[in-house]
Amino acid sequence: MPYTPPSQIRVRAQPYLNLRREPAVKPDNVVSRLADGSAWPVVGVARENFDAQSNALWAQIEFTNTATGQKSTGFCRSDFFEPKLDPLPAAQQVQPPDGLNLRSSPVFNPAVNNKIVTMRGGSTIRVLGGVWENLDPRIGKWWYFVEYEGQRGYAYSRFLIDPSGATTGPTTGTPTSPVIGRPSPVWKFGVCLAGAGNADANVWHEPSFPEAIKAARLEAIKLVPLSDGDKMNKVYNWFRSQGIAFVMVRLTWKPDPAWATLSASERMSAAVRSFVETARGQLEFAYANGVRYFEVHNEPNITANPTDPIGDGLGTAWLGPGDFAEWFRRVTDELRKIRSGIFLGFPGLAPRGSDFADFGGGLIKVNGQPLLWNTDKWLSMCKSTIDEKADWIGVHCYWQFDGSGLFGIENPDSGGMYWRRYKTRFPGKLLFITEFSNNGVQIPLAEKGRQYAKYIALLRQEKAIGAAFGYAIYWATDPNRESWVLINEQGKFRVSEIPGAIGAAMATNPATATPVVVSAPAVWA
């Protein structure tokens with residue numbers, strides 16, 4: 001049976017309970033005050049702030065303004081009324097094979113043009129709330145308010161089922177959230193490995209790169225592939241000779257700026273086709289060399305910028321997170337047709353707190369619209385796709401200072417522990433920190449290395465993280481002095497102070513003193 005809220009609630013708050021316009025405590029959000037002991041008819045239920053991760057529930061009630069006699073609705077938090085609300089299901093699954101329409105209002109009427117999109121049959125959607133049809137309990141039809149591929153709307157509960165196979169009606173006791181989407185692979189090492197990645201395609205210098213890897217006592221490598229197959233084979237063989245425990249590959253690709261002028265469907269088709277054609281050879285070659293973990297692209301919320309005149313897709317291949325979610329869904333389906341037994345990762349996003357893309361020269365716009373790059377909003381709008389299509393998730397963590405202060409190594413909101421925000425949203429997914437660094441320009445390189453060793457030690461026993469990859473063994477543009485290998489005044493590659501400082505500090509820390517080594521691994525999985 002569908003979810004059924006109580007027919008009415010009775011306020012238990014002295015001297016009154018605020019009725020709010022939205023299910024959240026915000027300034028200027030109060031529309032009325034409900035007297036203690038007063039009773040009100042319930043027309044819906046919502047998670048706080050319509051946040052899929054929240055277990056705090058609000059009742060949506062019908063309210064009559066005594067001064068005007070006009071009816072309206074509002075929200076009140078469940079802590080302050082009786083009876084308590086039953087938990088909402090975490091998710092629902094679209095039952096009809098041919099899909100189900102997501103609508104902008106909880107009503108089906110051919111005369112009302114309220115269709116947003118048709119959700120695919122079998123897709124899993126997050127539940128944010130629910131209401132009676134037309135906000136009228138007498139009709140007896142319950143609609144869930146859901147999120148599907150970055151879009152929110154209403155779906156009729158008759159055509160939805162619980163993904164776990166359990167009923168979705170009222171329950172007793174503590175609810176257990178269903179497992180949603182693809183389960184992550186079991187991480188066999190049981191600890192977070194110390195790693196680093198190369199930043200630039202087709203750059204692998206010897207002997208400086210191997211010297212940096214050995215000096216830092218690395219256990220894991222993230223590769224941007226080389227186009228020279230012979231050289232790439234030699235690199236893989238060297239990894240095996242050194243007992244490198246784990247290798248992953250970032251499937252690398254650049255969008256075409258001309259796509260921005262195409263229609264949405266043409267742009268999507270071109271971007272999917274181009275990526276799959278480019279990535280196919282990279283995937284096949286790496287697979288043949290024993291790689292099974294692949295990061296699908298990189299920082300898709302970044303536009304063209306001072307260090308990259310093309311960018312990573314925002315404003316060219318996609319105009320926002322909803323477009324990217326569809327792109328990721330399509331390309332992962334295509335990649336799994338090329339090879340089974342691979343583990344595909346949602347790419348690390350650039351950590352961005354502001355809403356819209358701006359590199360200091362004003363808002364970046366395409367077709368007159370600003371481009372959303374806020375990390376939290378991207379994760380929210382891509383969540384159902386990540387749940388269903390990603391085997392693991394890449395995270396980028398950057399800091400500028402030691403400690404837990406703003407932009408500090410131990411800060412979860414603006415620094416090295418930013419990955420905790422991902423763990424909260426995706427508690428069942430394996431995470432890889434596919435880029436980390438102290439990107440403070442003035443920080444001495446040896447101090448950066450010591451902080452990196454500290455970082456790995458802090459993460460060592462985190463079961464949610466497979467490996468953390470320092471950025472970067474080498475980065476040609478490098479405005480922030482992040483490269484582990486530098487080019488001197490004579491144009492020669494040399495190893496910086498970073499790798500040696502990492503290795504020395506890791507060797508003396510009990511958490512990292514004994515490196516994880518795998519003798520001549522045939523497959524890195």
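User: Let's start with Thr 316. The loop holding Thr 316 lies between which strand and which helix?
Analyst: Keep in mind that this is a predicted model. Thr 316 has its place in a loop, with a strand on one side and a helix on the other. Those two are strand E18 (293–296) and helix H4 (321–338).

User: Is Thr 316 buried or exposed?
Analyst: Take its relative accessibility, which is 8%. Buried means under 20%. So with 8%, Thr 316 counts as buried.

User: Which residues does Thr 316 touch, leaving out those up to four places away in sequence?
Analyst: Being in a loop doesn't leave Thr 316 without company. Thr 261 sits 55 residues away along the chain, yet the two C-alpha atoms are separated by 8.3 Å. The residues Thr 316 touches are Pro 255, Asp 256, Pro 257, Trp 259, Ala 260 and Arg 267.

User: Now the surface. Which residues form a nonpolar patch there?
Analyst: One member, Phe 407, is in the loop between strand E22 (392–399) and helix H6 (419–425). Phe 407 is partly exposed, at a relative accessible area of 39%. Together the patch members have about 320 Å² of accessible area, and they are Phe 401, Leu 406 and Phe 407.

User: Which residue caps the N-terminal end of helix H8?
Analyst: H8 covers residues 497–508. The cap uses a side-chain oxygen that lies 3.1 Å from the backbone nitrogen of Ile 498. That oxygen belongs to Ser 496.

User: What do the buried residues of H8 pack against?
Analyst: The buried residues in H8 are Ile 498, Pro 499, Ala 501, Ile 502, Gly 503 and Met 506. An α-helix has 3.6 residues a turn, so residues three or four places apart point the same way. Here the packing partners are strand E15 (193–197), helix H1 (208–215), helix H7 (445–459) and strand E26 (493–495).

User: How far does H7 reach from its first C-alpha to its last?
Analyst: H7 has 15 residues, and at 1.5 Å a residue the expected reach is 21 Å. Its buried residues include Leu 445, Tyr 452 and Leu 459. From first C-alpha to last, H7 reaches 21 Å.

User: On to charges. How many salt bridges are there?
Analyst: Side chains of opposite charge can pair when their charged atoms come close. One of these pairs is Lys 71 with Glu 62, at 3.9 Å from N to O. Lys 71 is exposed at 55%, while Glu 62 is partly exposed at 26%. The full count comes to 33 salt bridges.

User: Arg 126 and Asp 387 form a salt bridge, so how many residues apart in sequence are the parts that this pair ties together?
Analyst: The closest N and O atoms of Arg 126 and Asp 387 are 3.8 Å apart. Arg 126 lies in strand E11 (residues 124–132) and Asp 387 in helix H5 (residues 375–389), so two distinct elements are tied together. Both Arg 126 and Asp 387 are buried. In sequence, the parts are apart by 261 residues.

User: What about Asp 376 and Arg 425: which one is buried and which one is partly exposed?
Analyst: These two side chains meet in a salt bridge at 3.9 Å, N to O. The pair links helix H5, home of Asp 376, to helix H6, home of Arg 425, 49 residues apart. Asp 376 has 21% relative accessibility, so it counts as partly exposed. With a relative accessible area of 18%, the buried one is Arg 425.

Conventions: Residues are numbered from 1 along each chain as its sequence is written. This is a predicted model: local features need pLDDT of at least 70, side-chain atom pairs count only at pLDDT 80 or more; totals for chains, interfaces and linings use all residues. Side-chain values use heavy atoms; hydrogens and water are left out. Patches are made of residues with over 30% relative accessible area and no salt bridge: like charges are joined within 9 Å, nonpolar side chains (Val, Leu, Ile, Met, Phe, Trp, Tyr) within 5 Å. Accessible areas come from the Shrake-Rupley method with a 1.4 Å probe; for residues, only the protein chains shown count as cover. A salt bridge is a side-chain nitrogen of Lys or Arg within 4 Å of a carboxyl oxygen of Asp or Glu. Helices (H or I, at least four residues) and strands (E, at least two) are DSSP runs, numbered from the N terminus. Buried means under 20% relative accessible area, exposed over 50%, partly exposed in between (1.4 Å probe, protein chains only). Contact means heavy atoms within 4.5 Å. The expected span of a helix is 1.5 Å times one less than its number of residues. A polar contact is a pair of N or O atoms within 3.5 Å; within protein, one must be able to donate a hydrogen and the other to accept it, and residues adjacent in sequence count only if both atoms are side-chain atoms.
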